[in-house]
Amino acid sequence: MTLAIVLAAEPAAGHLTEPPAHPVEPAGRVNGEPLTERLAAQWRRAGADDVRIAADLTELADLVAGATGPVLVSGTDLVAHTAVLKHLATSPVGPTVALVLTDPPAAGQATVREERGQVVEVGAADASGVFGGALRVGAADLPALADAARRAGGGGPLGAVDRLVAGLAARGTLIFAHRVRLLVAHRVGDEAQRAAAESAVAAVDEDRAELKLSVKERDDFFTTFFVSTWSPYVTKAAARVGIGPTGVTMISVAFAVAAAVLFGTGGRPALVAGAVLLYLGFVLDCVDGQLARYTRHFSAWGGWLDTMADRFKEYVVYAGLGFGATHAGFRYGWALALAAMTLQTVRHMTDTWYGALHDEAARRPKVVTADAGGIGGKLNAASTRVQADTGSVSYWLKRTVVFPIGERWALIAIAAALFGPLVALVAVLVWGTLAFAYTGGLRTLRARWMRVPVLTTVDAGLHRDDGLLARTLPTARRPLLLAVLGALGAAGTLVWALLAVHGGGDLPVWVPVLALVLLLGAAQGSRSPHDGSLDWLVPAALRAAEYLFAIAVGVAGRAPAWLIFGYVLVLTLHHYDLTARLEKRQSAPPLHAATLGWPGRSLLLAIGLIAGYASIALATLGAYLLVVFVASVVLAWVVLPARARGGVRSPG
């Protein structure tokens, strides 16, 4: 249950209780009400299950102490669209979110400094905004909120709600920022300001603004100019007919699977049709997120499903291209598809962990500002300038060169339609490799400058996917060095296997044994401190090592190419599940221990290869992991939530 509290304690700028002399009548508000009652009514329309008015911070602390779900708090000097409050209440960025405005700060209002969507400092001299007088606090942060309310109840230069958010930040609570776009929100200090704010609210078409807000504020070039220009119309239609975001996601998956089948079929008409379906599937991939933002239907299940569906769609298209290239007479079509999938997964792993690194660095401003004159500091400053100059050539070039999903799908569709599956795969690999080198090099320099041991802030053993075997091995230092050695061993095994099979011979037994020893050596770093400036690269290196070793086992054992692809695809789904949970700050999957960890899986494959049953080992282990993955999904999103609710319902 969501509780909303309107804090009626007098703000520093003065308490407004009387309506303006010439009241306006914006849609969706009760004319003539004091702001306290009006805000209470707006919170109800925004979705709050219970709304209370607290006379002071002590009363607010008592109300918070009895709450079991999220708590919404606002002062009495806020004039805003109801949609602003609804967006704050349903924001998916994190459990605790504060409204941040660009208005000049008035007396008694707390300034904030925001980095990467996080409020990293309240009362900052170099403020990037002003606290908007409203916040949502997640259930886990309620004790900190109650404590901050009790300690801030004695008064001070700031208004009551401003002292509250300052106290919450001082306790180390992770607070995300919610900015207002297109809609109106202002904190008012007198009747003239109130009347002006209400006029501004009345002048905006709330529904039309919400539809525009469903489109991401900053997106990539292809998505911005070739999808988002018309996808909101599809979003509006889907909302009218009652199709939810999950339904749109499933239709998008169907389009991608159909495109993959057409790419595999070959022939110019099929390739062109596949390209069209791929484009439409990507449009729907954008629409599901836009629909969620427009209808405010967010859920952990929906976010997880969107992440998993995106990767499955892309990789099933790679499979179709690989089959199509092989069917057209190219011997290594499946090999290119495997390479594209492995490269993209490793790229995503570095993206996730660099994002975690940067978020942690944002919460440590003193570390970030050190050595500002070094190369890392200069790169960080240059990147900030480019990102701020939206619409410039350098801005769009930077967003395009990293090869985001819109550009990948556009390249696949155009290359496949014009030149065929082989050219499409080669183009994806070439651009993807260049983008990986570009982003990896710059991020490595910036990470060394940040000097933030990000892996000490998360469950490294879980997200490394170590498993029981790694935990039983003796601990060794230098996790990054060990991970790189393991990856090199796996890559060397793959190269040797390719050469041996291409020459008609067999892979010597000692080669996979040596590679396995290097892999297990990498596992020895599981319990060592991840305090190096580049240790954020460890998970990606381990993913690369496991994938390359599995591919080498399949090649050396002469397993069918589609079987190798299928096994690695199952591995990627398992690892993207972990990645999605890391990004959403969720716990481990219910059956994670049953996945054996990457050292255990690699050991079983090595035994299968040495015994002469590589294909059987890949098929059996792959089927087992798929069953565990599906069972874990059902447990996590159906069974356990149903037990918590006391009934049985499907997710979504």
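**Salt bridges and burial in a predicted model**

A search of the whole of this predicted structure finds 25 salt bridges.

User: Why is the pair Arg113 and Glu121 called a salt bridge?

Analyst: The N to O separation of their side chains is 3.4 Å. The cut-off is within 4 Å, so the pair qualifies.

User: Is Arg113 counted as buried or exposed, and what value decides it?

Analyst: Arg113 has 8% relative accessibility. Buried means under 20%, so Arg113 counts as buried. Its partner Glu121 has a relative accessible area of 32% and is therefore partly exposed, as this class lies between 20% and 50%.

User: What makes Asp147 and Arg171 a link between separate parts of the chain?

Analyst: Their side chains meet in a salt bridge at 2.6 Å, N to O. Asp147 belongs to helix α4 (residues 142–151), whereas Arg171 sits in the loop between α5 (160–170) and β9 (175–179), so the pair ties together parts 24 residues apart in sequence. Asp147, at 28%, is partly exposed, and so is Arg171, at 33%.

User: How do you know that Asp162 and Arg187 form a salt bridge, and what places the two residues in distant parts of the chain?

Analyst: Their closest N and O atoms are 2.7 Å apart, and the limit is 4 Å, so the criterion is met. Asp162 is in helix α5 and Arg187 in strand β10 (residues 185–187), 25 residues apart. With 0% relative accessibility, Asp162 is buried; Arg187, at 8%, is buried too.

User: Which residues do salt bridges with shared partners join into one network?

Analyst: The network consists of Arg113, Glu115, Glu121 and Asp126.

Note on methods. Residues numbered from 1 in each chain as written. Predicted model: local features only at pLDDT ≥ 70, side-chain atom pairs only at ≥ 80, totals over all residues. Heavy atoms only, no water. Buried < 20%, exposed > 50% of the residue type's maximum accessible area, 1.4 Å probe, protein only. Helix = DSSP H or I, 4+ residues; strand = E, 2+ residues; numbered from the N terminus.
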